[in-house]
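I opened this entry to keep track of what I looked up, one topic at a time, beginning with enclosed space and moving on to a helix contact and two single residues.

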Amino acid sequence: MALKPPPPQRFDRRLLAPMMLGAVLNPINTAIIAVALAPIGIALGAPASETVWLVSALYLATAIGQPLVGRLVDIYGVKRLFLAGGALVAVAGAIGLLIPASHDSIWWLVVARVVLGLGTCAGYPAAMHMIRAEGQRTGVASPAVILTVLSVTTQTVAVIGPTLGGLLIGAWGWRATFAVNLPLGVASVILGWILLPRTTGLEPPRDQRPRIDGLGILFFAVTMLALLVFLQNISVATLWMVAVALVAGAGLVWWELRVDAPFIDLRVLGGNGPLLLTYTRSLLTATISYTFVYGFTQWLEEGRTLSPTAAGLVLLPVFAAGIGVALAFGRRPEVLWKLLIGSIAQLAAGVLVLFMGGTTPIWFLVVTMLVLGIPQGLNNLAIQNTLYHQAEPERIASSAGLLRTFFYLGAIVASVVYGNVYGAHATTGGLHVLGWVVIGISVVFLLITVLDRSLRAIGHEGAGGGDAGGADGGGADAGGSPSTGEPSARTMRA
C-alpha cells in the first residue's frame, strides 16, 4: 500500500525512524567493541596487537568510505545506498555469528568489521541528504529540531553502547556484539524500503548523472589509508607510508582539478573557506573529546587508582551534560554563540585538569566532566548545523561524509597524543601534559571561531527558520541553499 504524501510545509517525521537507525549504526559499533576486545582475545587466543585491528579496521573503512558513499548518495539518491548499507551490516553480523572459534578467525572478524564499516557509511550522509531535501521541499531553511534529534541520538548511543555491549557479552558471549548487527541491518533494509523515497529532488536526473570519478576515489583511498596507518603506528619503520600519502595526495589534487565531475571538488572546497574551517573544528573537537574519554579514563584507573566501574561512572556526566545541553539549546539555529561557549568550556576543562592529582576528590573530577559536557553537546550540534548551511545542496551527503572523515582523523590524532605522552603508564605528570595539549587546541579552536565572520549569519535567515516542524521557514534560494550572507558554493563554481 502506498504511503500518504508528506505534509507540504512540515518535515515528514516518518523519515526519522530510518534516519536515526542508520545514523546510530556506526557509533553503536564503535562503543560496543571497547568492551568486547578482551573477551574476543581470550576466546580466540589473539594478543592485543591483533585484536586492536578490530578497532582500526572500522576506523579505516569508515574514514575512507563515508565521503565515497556520500558522493554516491548525492548522485543516486538515498534509498538504494541506504538499503545496500543495511544489507552489508547484516552480512557483517552473520560473519561474526558463524565463524569458528579458532585463532585464525580473528582475521575473519577484522573482515567483518571492514564490511560493517562500509555498511554503516550510508547512515549519516543519507540522513543529512534527507534533511536537506526536506528543507528544500518544505521551505524550512534551518531544520534545527531535526538536526538536534540526529545529534542527540548519536550521543545517546555513545553513552549506552558500552553498557549494551557488556549486557550482550554477559548474556550470549562475545559473538552477540557482532550478531546484534543482523537484526539491526535487516531493520534498516525494511524501514528504508518502506519509508525512504526513491528520489528526493537533490540528485541529478538519470540522463545528467556525472560519471563516477574512479581515479579520484583511488587516490583519496590510498592517501587516507597510508596516513591513517602511519598515525596508528608512528615509527621509523612506517615513515614510508608518509611518502605514499604525500604522493597519492599530490595525485589527488592534480587529478581533481582537471576532471569535470571530481570525487572531491577541490575548486569549490578551496573557495569555501568557512567549510574548511568547519572541517578543522570537527577534527579539533574530536581530538579533545577522545583525548579526554580515553586518556583521562586511563589516568583515572592508573593515576587516581579508581576501579574501571568507578572510572566509567565519573565519565557519565560528560555524556549526560552533552545530551542535556543539546536538548536545551538545539531548537536555536544560531551557531556562533554555541561554538564560543563550547570553546571556552573545553578551555576551562583543560585548565581544571592541571589541578588534578592522585588524591583529587571525586566531586572535582565530576565537575570537570560536567564542564567538558558543555562542548560535547554544543560543538557537535553547531558543527553539524554549520555544515548543513555551508555545503552545496547537491553535495550535502559527500560533504557530511567528509566531515566524519575529519572527525575520525581527530580520534586517531588523540590516540597518538595520549599514547606518546603516557608511554607505559598513565601518570599525573602525563595527565598535566594532556591538559596543556587540550588548552592549546582549545585556543586554536576559539581563534578560528572568532575570526570566522560567516558564522554570524547562520541561523538568522528569517522567522521560523529554527523549527523543522514549523509552517514556514524561508531563507532558501532557488537552488535550496540557505541565505547565510555568504556566496553559495554553486555561485562560487560559476
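I first sorted the residues that line the largest cavity of this predicted model, and I found that they divide into 10 nonpolar, three polar and three charged. The lining is made up of 16 residues, and those lying nearest the centre of the cavity are Ile264, Asp265, Leu269, Arg395 and Ser399. I noted a space of about 180 Å³ for this largest cavity, and when I counted cavities of 30 Å³ or more I arrived at seven.

I then asked which helices each supply at least two residues of that lining. They are helix H12, spanning 266–271, helix H13, spanning 273–302, and helix H17, spanning 396–422. The largest share comes from H17, which gives three residues.

Since H17 had come up, I looked next at how helix H3, residues 53–76, packs against H17, and I recorded an angle of about 170° with the two axes 6 Å apart. Because angles over 145 degrees count as roughly antiparallel, I wrote down H3 as roughly antiparallel to H17. On the H3 side of the contact I listed Tyr59, Thr62, Ala63, Gln66, Pro67, Gly70, Arg71, Val73 and Asp74. These meet Ile396, Ala397, Ser398, Gly401, Leu402, Arg404, Thr405, Tyr408, Ala411 and Ile412 on the H17 side. Sorted by type, the residues of the contact of H3 with H17 come to 10 nonpolar, six polar and three charged.

My next entry concerns glutamine 390, which I located in helix H16, residues 362–390. Is glutamine 390 buried or exposed? I entered glutamine 390 as buried, because its relative accessible area is 10% and the cut-off for buried is under 20%. Leaving aside residues up to four places away in sequence, glutamine 390 touches Asn272, Pro274, Leu275, Thr278, Ser454, Leu455 and Ile458.

Last, I checked threonine 305, which sits in the loop between H13 and helix H14, the latter covering 308–329. I noted a positive phi of about 55° for threonine 305, although this residue is not a glycine. I flagged the value because most residues other than glycine have a negative phi. Threonine 305 has a relative accessible area of 62%, and I therefore entered this residue as exposed.

Key
Residues are numbered from 1 along each chain as its sequence is written. This is a predicted model: local features need pLDDT of at least 70, side-chain atom pairs count only at pLDDT 80 or more; totals for chains, interfaces and linings use all residues. Side-chain values use heavy atoms; hydrogens and water are left out. On a 1 Å grid over the protein atoms alone, a cavity is a set of points where a 1.4 Å probe fits but cannot get out, and a pocket is an open set with protein on both sides within 12 Å along at least five of seven lines; lining residues have an atom within 4 Å of a point. Grid points are joined across faces, edges and corners, and a volume is the space filled by probe spheres set on the points. Helices (H or I, at least four residues) and strands (E, at least two) are DSSP runs, numbered from the N terminus. Ala, Val, Leu, Ile, Met, Phe, Trp, Tyr, Cys and Pro count as nonpolar, Asp, Glu, Lys and Arg as charged, and the others, Gly among them, as polar. Buried means under 20% relative accessible area, exposed over 50%, partly exposed in between (1.4 Å probe, protein chains only). Contact means heavy atoms within 4.5 Å. Axes are lines fitted to C-alpha atoms, for helices over the stretch in contact, and angles run from 0 to 180 degrees between N-to-C directions. Angles under 35 degrees count as roughly parallel, over 145 as roughly antiparallel, 65 to 115 as roughly perpendicular and the rest as oblique.
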